[in-house]
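Got your viewer open? Let's take a short walk, one selection at a time.

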Amino acid sequence: MRVTLFIPCFVDMCFPRAGIAMVEILERLGHTVECPEEIACCGQPAFNSGYWPETRAVALPILQRLRNAEVVVIASGSCGAMVKNFYPELFKETEHAQAACDLASKTFEFSDFLVTKLGVTDLGARFPHKVTFHDGCHGLRELGIKKQPRTLLAHVRELELVEMTEAESCCGFGGTFSAKFPMISTAMGEVKCASARETGAEFIVSNDASCNMHIQGLLDRQGQPLKTIHLAEVLNTR
Amino acid sequence: MTERENILGRIREALRVPAERHGHGVVQNSPSAPHESHASDWLPVVGESFEQRVELFRANAAELKADFHLVDSREAAAAHLRELATAKGWKKVATHTGELTRSICADLGVDILITDDGYDVNEMETCDAGITECDALVAQTGSVLVTSRSAGGRALSVLPPHHIVLARRDQLIADLPAAFALLKQTYGAGMPSMISFITGPSRTGDIERILVLGAHGPKHLAVLIVG
Amino acid sequence: MNSAAQFRDDAKRLTHDLRHRELIQSALKKYEVARDAKKARYQDWESARVEASDIKWDAVNHLDAHLAEFARNAEAHGTKVHWASTGGQAREIILGIVREKNARSIIKSKVMTGEEIHLNEALEKADMSVVESDLGEYIVQLRHEAPYHFVFPAMHLTRGEISDLFERELGSAPTNDAGELTMIARRALRKKYITADIGISGANFAIAETGMVSITENEGNARLTCALPKVHIALMGIEKLLPKLEDLALFLPMLATAGAGQVLTGYNTMYGGPRQPGEADGPEEFHVVLLDNHRTRLLADAEQRDALQCIRCGACLNVCPIYKNVGGHTYGTTYQGPIGAVITPHLRGLQDWKHLSFASSLCGACTSACPVKIDLHHHLLQSRRNARGQKPLWWEKIAFKLFAVLANSPALWALAKPMARFGQIFHPLVKATRLDPAYVWTQSRELPKVAPQTFKEYWKGRNP
C-alpha cells in the first residue's frame, strides 16, 4: 500500500522520533511511505479559535495535495479528528465539500490504521517497562479510538500496562485553550499527572504527541521522573 | 396579541428553518410521528415470575434503606403494625379509608386520623406515622406508586415521619413502563391531581454528598405486601 | 467588572485553591462511582440515550403543537396556564397572583427558572417572606449566594461551614454531623410548609397529552410545597415538554442515573391540577407559568437547537474538568458547566458570554455524558466561530492570516525552525518571567525543545 504520512506541526518540530518510528514501522510492514513536504499543519489552532475562513486557507491546499493519496495516516488523534470530522464541517456547503468527505474517509489515526485497516496487532516490539496509557480526547471521543492502542500494547513483550483512574480525563492542553486559560489548563494537567503517578508507571504512553507535550511540560516543571512517550516509539522498539 | 400567541408565533417562525442534527445532517421537519417506546428493552432487567420480582423489589428496598415485608394475611399485617406501634411508641397515626387500611388498622390501639374528607394539617403534623395503600409497587426501581386518590391525598404519604405502605400481591408490577400503562388503564382521562413514585425514604446528599434520610419527608418507609 | 474578567479572576483564584478543588473532585468522584454502578444495571444505556434523544428532538421540533396541547389539557383539569415572553412578565404574573391572594409567606422548592429571572428578589421587594425548602438551596439562601451547581446547590461547602452558618442564622449548636445538620434544617422548615400561603415549584417535565408537570426531588420538600399551601405555582421553561405520559418511564430513571447516580430519584411526582372533588387535600389553585426568556432565540439557531433537549440533569457539569477546577460560581450564570456555556450566550447575549465557549479544552466528556445526546462541545466550537465572525480580535485575525501563510509555505516553515532554535538559546534568561513571550505557558510548564533534527529534516536527508 502507498501510505501518505501526515506529520503535524508539533511532531515535525518537537517530536520527530514519533514520526520516524511510524515510517520505520510502516516500511517494515512492506508499505511505501511518502511524506508531503508541503503539509505543515492541519489548521486546528485557527479552527478552534473561531477563525474558520483563515482555517480554510490552510486546509484547502491540504485537500488538494492529498486528493490522489491512496490512504492517509496521521500521527495524532487530535489532528486526525480535525481532518476526519472537522474538514467536512469546515467545507460544508462549499465546492470542496466532496473533497473534504473523500479525504476524511481515507484518513486514519496511526493506531487505528494498524489495527482496524491492516489488522496488525503484534509488531514484535519489546519494552521492558511499566506504563500507563493516556487517551487523548479527540482520538477517544471524536474518533472512538480506545481499544486499538491497548491491543497493540498488549502484544509488546515485557510491557506492563497499568490503567490510571483518570485515563479518559483531559490533560488540559486543548490547543489555544492552554494559553488563553493557563491556570485551568494547568490544574487539569495536575489531575492527570497525579493519576499517572499513582499507578507507579515509568512511562505515560499516548497516541497524541500534543497531550504528551503538555503532560511532559508539567512533569518537568514538577521535577517528576515520569516520562511521556508516543505509542509509535514504543511499538518501534525491538 | 396575547403572550400565548407571541410565544407560539416565535416558535413557529424559529421552526421554519429545519434543524441540523449531529450525525444526521439537516433533518426536515416532518409531522410529529407517534413514537413507539422500547424503554423496557433498555431499562434494568426484571424477572418474569412473582418470586423474581419480589426478590428484586426486596434488593432495591434494602439498597434504598426501606423496610420490606411479605406477610401472608391481613391478620399478620395487623400484628406487624401493632408491634411496630409498640416498638416505636406511636400515639397517633394518620390513614385513609381503603380496603386494606380499614381491616388492618382497625385495632391498632392508637389514635387514628382519617384524611378522607379533609383534615387539620396541624393535627397530621402530630401523627407518628402515615399508613396508606398504593396503586402499585415497581420491582425494577423499588418504588411505591401512589396517587392523591389511592393514598389518602397528597400529604399523608410525606408529612408524617414514618410511612407505611400496604399493597396486595397483584400490585407488584415489573417496571416503569408497566406503571404508566397501569395509570392510563386505571384512570383514563380522569387522572388524580397528584401521582407520585416514592423510591425509598426522604433523602438528601446536599451536605458533602453524604446520604442523610428524613430530609423533609419520612425518615422511615416500610412496605408490606399482604397476600 | 465584565463577566469575562470576572470569570478569569475567579478561575485563577479557585484553581489555586487546592482545598476547594479537593472538595469538589472528591464529591464528584463519589457521584461517578455511583453513576457507573447504576448505568451498569441498564440493559442498554446507549440505546436508552438514543431513544431519549429522539423523543426530545421530536418534542423540541414540534414545540408549538406540544405546548398548545399541554395548555389545553392542563386548563381542562382546572390548571391556570400563563405565558411569559420575558423574565419580567413571569415575575409580574407571579406577583399578580401573590397580591390577589394577599399572600405574605411563600415556600419554594427548587426552581432554576426562578434563579434565572431573579424571582426571590422580586418577591422580597414586594415584602414577601420567601423560604427555599430544598436543603442545598436553603443553605445558599441563608448565605445570600447563588447555587453553586444547578443540581447540587451547596456542594462547595463543608459540614463545618454549614454548621457555622446554622449557628449564626438559626442559633443551633455546632455539629460536624451531616445528619444533625439536616435535622436542624428540617425542624426550621417544618412550620413554614404549614403556614405558607403559596408554594412555588419548578418542573422537570411537562406532559402534553395529560397537561401535567412532573417534579423530581429526593427530599420530599417539593411534595410538601405542592401539597399544603392553598396555591401552587409552577414556573417552567417552554422547552420542558414531553409528548406522552409514558415517556417518563424512560426520562425519570435516566435523569436520576445521569444526574445523581441513582436508580430513581426519591420522589417523582406528576401534578395535573388543583385539588379535585373527592380528594383529601391539595391546593385550591394550580398555576403554571410558561417562560420563554429567549429560549425561542436558541430554537431559531438550527445548529444548536438540540440544546433545548436539556433535562438539567447536571451530568455534563459533573464530568467537566473545567467545572471540577473552577467550580460553579465562577461561571456567573444560572446554568453552570458545559450546558451553561452553550445556552447562556443565547439567553443573555453572545458577546458578553462568549468567553465561556473559549474556556474549554473541547474534550467532549460532556457530550459523552449527556443522556439526551446534546452535541455540547461542538456547539462551543460553533459559538467561537459565531463570536469571532461577528467581532474578531484584530491581532488574532492577523496572527492566523500569517499562520496560514506560514503553514502553506514549506520555505517559510523550514525557516521557522532555525529561528526557533536560535530563540531557545536565549529563552532561559527570561523563562517564566513577564518578559517571556511564552509566559502563559512557561509560568507553570516547561516548553518543549525544537528537536536537533526535525522530522522534515530527517525526511529530506533520507530522500535528497
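How many helices and strands does chain C have? Color chain C by secondary structure and you'll find 24 helices and 10 strands; these are DSSP runs numbered from the N terminus, with helices (H or I) of at least four residues and strands (E) of at least two.

Before going on: this is a predicted model, where local features need pLDDT of at least 70 and side-chain atom pairs count only at pLDDT 80 or more, while totals for chains, interfaces and linings use all residues. Residues are numbered from 1 along each chain as its sequence is written, chains are lettered from A and ligands numbered from 1 in the order written, and side-chain values use heavy atoms, leaving out hydrogens and water.

Now zoom out. The C-alpha trace of chain C spans about 95 × 55 × 45 Å along its principal axes. Of its 464 residues, 67% are buried, meaning under 20% relative accessible area (exposed is over 50%, partly exposed in between; 1.4 Å probe, protein chains only).

Next, color the domains, whose bounds come from an automatic or database assignment: domain 1 (1-41 + 313-391), domain 2 (46-293) and domain 3 (403-462). The C-alpha centres of domains 2 and 3 of chain C are 56 Å apart.

Last stop: select C:W394, in helix α21 (residues 394-408) of chain C. Is C:W394 buried or exposed? It's exposed, because its relative accessible area is 64%. Add C:L393, C:W395, C:I398 and C:L402 to the selection: together with C:W394 they make a nonpolar surface patch of about 580 Å². Patch members have over 30% relative accessible area and no salt bridge (Lys or Arg side-chain nitrogen within 4 Å of an Asp or Glu carboxyl oxygen); nonpolar side chains (Val, Leu, Ile, Met, Phe, Trp, Tyr) are joined within 5 Å, like charges within 9 Å. Accessible areas come from the Shrake-Rupley method with a 1.4 Å probe; for residues, only the protein chains shown count as cover.
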